[in-house]
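Here's a short set of exercises to work through with the model open in your viewer. Try each task before you read the solution below it.

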Amino acid sequence: MKNIMKYMLVAITALSFSVAKAGDLAVTGSVKASYTIAGSDSTVAGINTGKALGLSNEFTLSASGELDNGWSWNYAQDIDGATAQDDGKLTVTTGMGTIGIFISEGGLDTDNTASQSVISRPSDTSYDEGMVDSWDISGQNTLQYHTPADMLPFGVTFKVAHAPSMVAAMNSYEAGGSINTGAFTAATTSTGGSGIGQDSDMGRSATHYQVKANPIEGLNIGADYMDYQGVDNSASQMPESGSYYATYAMGPAVIGYSKSYLATALNQGIGDVTESIEGTKYSISFNVNDDLSVSYENEESNPDNTTSATANYTMESNGIQAAYTMGGMTIGVAMNEHENANYVTNKDVNDTVVSIAMAF
């Protein structure tokens with residue numbers, strides 16, 4: 001790990017002494033409009049949110065070029081609908097791989113990589129059902145190294161990201177560090193209502209690893225693992241998470257499967273709180289023709305508490321979706337069902353989303 005960090009720092013230093021040639025500037029992005037209906041006939045925590053119209057957009061400013069030593073560089077900055085700079089990265093590609101600085105960007109989790117939903121995962125549409133996924137380092141400021149795509153056999157690629165300080169992401173050249181004790185709030189380690197709730201800054205630093213491969217034609221596999229360092233108040237269990245996935249293409253159909261695991265930070269005498277969460281997802285998509293695609297996806301999230309005093313309820317989301325593409329426009333329909341939403345027994349919710357997306 002130390003050698004990787006040294007290589008990344010040396011490469012970044014070399015960039016400072018290289019002469020950059022003028023690069024290309026590009027603007028890309030998308031805008032998406034939606035019409036949503038959500039409701040529930042459940043006797044427990046029933047909802048009826050009615051109908052809603054929405055519009056969201058995000059675009060990316062990017063620039064790229066070459067250095068006089070044969071290396072290439074790329075810079076990208078995302079601008080969201082509130083015209084806020086929320087993600088940014090600067091990468092340098094060498095013969096031995098890519099190194100970069102990522103600000104609130106560059107996630108390496110793979111638990112959703114296998115999703116074949118043609119619009120979005122059932123748990124990522126309009127209704128906030130509170131499903132907990134594995135953790136990801138994308139919300140932090142990281143140094144990363146990625147191996148070249150053709151360096152290893154069977155299409156194997158490896159990525160590692162290290163957050164030297166678990167502080168809020170900042171888009172500023174003058175960003176400074178801050179004191180972080182590595183403590184977390186034990187009282188919020190539960191799944192009731194709003195998710196796992198542990199402080200995202202619960203460690204002094206974190207490292208995330210990812211590996212992917214294409215061993216045979218049509219088959220893609222991969223896995224990730226995230227580890228926190230310098231966590232106070234976690235004598236019983238350190239926080240960590242990881243996942244693995246596989247997809248297989250058979251003509252016009254693609255199937256996907258993933259499994260994820262998350263362990264919370266625990267201390268002795270912490271009480272009855274969520275100890276771990278296991279997730280399972282499978283999906284299939286089918287291209288009817290060049291323009292029309294349909295899909296089905298099932299997602300399950302199963303929490304487990306430190307004692308048997310609290311009953312745990314598996315949350316499940318299902319979605320049937322269709323997408324029709326005409327050039328840069330995609331018209332979509334998603335019909336989703338959520339059982340035991342927010343991990344509350346018998347809280348069942350349905351939502352339907354009709355969307356139009358324009359890419360540019």
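**Exercise 1: Strand pairing**

Task: Work out how β1 and β16 pair, and over how many bridges.

Solution: Start with the ranges, which are residues 24-39 for β1 and residues 349-359 for β16. These two strands run antiparallel, with ten bridges between them. To check the register, pick Ser30: its bridge partner in β16 is Ala359. Keep in mind that you're looking at a predicted model.

Next, go to β15 (residues 329-339), which also pairs with β16 in the antiparallel sense over ten bridges. Here Ile331 sits opposite Ile356 of β16.

**Exercise 2: Around β9**

Task: Find which strands pair with β9, and locate the hairpin turn.

Solution: First take β8 (residues 205-216), which is antiparallel to β9 and joined to it by ten bridges. One register point is Gln210, opposite Asp224 in β9. Then look at the link: β8 and β9 make a hairpin with two residues between them. Gly218 is in that turn, and its phi is positive, at about 90 degrees.

Now for β10 (residues 240-250): nine bridges connect this strand to β9, again antiparallel. Asp227 faces Glu240 of β10 across that pairing.

**Exercise 3: The aromatic pair and the core**

Task: Search the whole structure for aromatic pairs; how many turn up, and what is the geometry?

Solution: The search gives one pair. Its members are Trp135 and Tyr228, with 5.6 Å from centre to centre and 90 degrees between the planes. Planes over 60 degrees apart count as edge-to-face, and this pair is labelled edge-to-face.

Then ask where the two partners sit. Trp135 is in the loop between β5 (97-103) and β6 (141-146) while Tyr228 belongs to strand β9, so the pair ties together parts 93 residues apart in sequence. Both Trp135 and Tyr228 are buried.

Finally, place the pair in the largest nonpolar core, which has 16 residues. Trp135 and Tyr228 are among the members that touch the most others, a group that also holds Val132, Ile137, Ala206, Met226 and Tyr343. The elements giving two or more residues to this core are β7 (157-163) and β9 (219-229).

**Exercise 4: A serine in β10**

Task: Decide whether Ser243 is buried or exposed, then list what its side chain reaches.

Solution: Locate Ser243 in strand β10. Its relative accessibility is 4%. The cut-off for buried is under 20%, so Ser243 counts as buried.

For the neighbours, leave out residues up to four places away in sequence; Ser243 then touches Thr110, Asp111, Gly222, Ala223, Asp224, Lys259 and Ser260. Two of these deserve a look at atom level. With Thr110, there's a side-chain to side-chain polar contact of 2.7 Å. With Asp111, the Ser243 side chain reaches the backbone nitrogen at 3.1 Å.

As a last step, get the C-alpha to C-alpha distance from Ser243 to Trp135: 9.8 Å, for residues 108 apart in sequence.

**Exercise 5: The whole chain**

Task: What do the chain-wide totals say about secondary structure, burial and contacts?

Solution: Count elements to begin with: one helix and 16 strands. Next comes burial, where 40% of the 360 residues count as buried. For contacts with a separation of 6 or more, residues 24 or more positions apart account for 60%. To finish, the exposed area is about 17,800 Å², and carbon and sulfur atoms supply 56% of it.

Conventions
Residues numbered from 1 in each chain as written. Predicted model: local features only at pLDDT ≥ 70, side-chain atom pairs only at ≥ 80, totals over all residues. Heavy atoms only, no water. Core = buried A, V, L, I, M, F, W, Y, C linked by side-chain atoms within 4.5 Å. Buried < 20%, exposed > 50% of the residue type's maximum accessible area, 1.4 Å probe, protein only. Helix = DSSP H or I, 4+ residues; strand = E, 2+ residues; numbered from the N terminus. Pairing = 2+ DSSP bridges. Phe/Tyr/Trp six-rings, centres within 6.5 Å; stacked < 30°, edge-to-face > 60°. Contact = heavy atoms within 4.5 Å. Polar contact = N/O pair within 3.5 Å; in protein donor to acceptor, adjacent residues only side chain to side chain. Areas by Shrake-Rupley, 256 points an atom, 1.4 Å probe, with all protein chains shown as cover.
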